[in-house]
Amino acid sequence: MLHFFEMEYGPHETITAECLFSYALVSLKIGNDMVGLEAMQKAHMIYSNNLGEYDQKTKEVEENLIAVENAFKQQEEHH
């Protein structure tokens with residue numbers, strides 16, 4: 001599905017970022033952590049470039065990204 005959005009709308013379009021963010025959340029939920037993190041980082045970059053860093057959606061993705069990165073740091077500290 002992600003490839004469809006990238007091909008149909010372009011890899012840097014906001015609608016593709018929406019798909020990336022959803023893909024990231026699902027990936028994280030099923031334990032595919034690095035794929036989820038990378039997709040969320042890409043989504044954040046697209047939102048920031050297209051909508052601006054202060055846009056509500058950009059901030060939402062940024063908050064989730066920070067939470068995921070912090071969770072990874074905590075996991076590393078416990079291992």
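## A four-helix chain and its aromatic cluster

Reading from the N terminus, the elements of this chain run α-α-α-α. That makes four helices and zero strands. Please keep in mind that this is a predicted model.

Let us begin with the overall dimensions. Taken along the principal axes, the C-alpha atoms fill a box of roughly 40 × 30 × 15 Å. The radius of gyration is 13 Å, which agrees with the value near 12 Å for a compact globule of 79 residues. Of those 79 residues, 30% count as buried. The chain exposes about 5,600 Å², and carbon and sulfur atoms supply 53% of this area. As for contacts between residues at least 6 apart in sequence, 43% of them join residues at least 24 apart.

Now to the aromatic side chains. A search of the whole structure finds three aromatic pairs. In one of them, the rings of phenylalanine 4 and tyrosine 9 have their planes at 90°, which is over the 60 degrees needed, so the pair is edge-to-face. Phenylalanine 5 and tyrosine 9 form a tilted pair, because their planes stand at 40°, an angle that falls between the limits of 30 and 60 degrees. The table sets out the geometry of these two pairs.

| Ring pair | Distance of centres | Angle of planes | Class |
|---|---|---|---|
| Phenylalanine 4 and tyrosine 9 | 6.4 Å | 90° | edge-to-face |
| Phenylalanine 5 and tyrosine 9 | 5.6 Å | 40° | tilted |

Tyrosine 9 takes part in both of these pairs, and Phe4, Phe5 and Tyr9 form one aromatic cluster. Where does tyrosine 9 lie in the chain? It lies in helix H1, which covers residues 2–9. Phenylalanine 5 and tyrosine 9 are four residues apart in helix H1, so about one helical turn separates them.

Are the residues of this cluster buried or exposed? Phenylalanine 5 counts as buried because its relative accessibility is 14%, under the cut-off of 20%. Phenylalanine 4 has a relative accessible area of 47% and is therefore partly exposed. Tyrosine 9, at 41%, is partly exposed as well; both values sit between the limits of 20% and 50%.

The surface brings two of these residues together with another. Phe4, Tyr9 and Ile15 form a nonpolar patch there, and together they have about 280 Å² of accessible area. Phe4 and Tyr9 thus belong to the patch and also to the aromatic cluster, where they are joined by the buried Phe5.

Terms used: Residues numbered from 1 in each chain as written. Predicted model: local features only at pLDDT ≥ 70, side-chain atom pairs only at ≥ 80, totals over all residues. Heavy atoms only, no water. Patch = residues over 30% accessible without salt bridge, like charges linked within 9 Å, V, L, I, M, F, W, Y side chains within 5 Å. Areas by Shrake-Rupley, 256 points an atom, 1.4 Å probe, with all protein chains shown as cover. Salt bridge = Lys/Arg side-chain N within 4 Å of Asp/Glu carboxyl O. Helix = DSSP H or I, 4+ residues; strand = E, 2+ residues; numbered from the N terminus. Phe/Tyr/Trp six-rings, centres within 6.5 Å; stacked < 30°, edge-to-face > 60°. Buried < 20%, exposed > 50% of the residue type's maximum accessible area, 1.4 Å probe, protein only. Rg over C-alpha atoms; globule rule 2.2 N^0.38 Å. Contact = heavy atoms within 4.5 Å.
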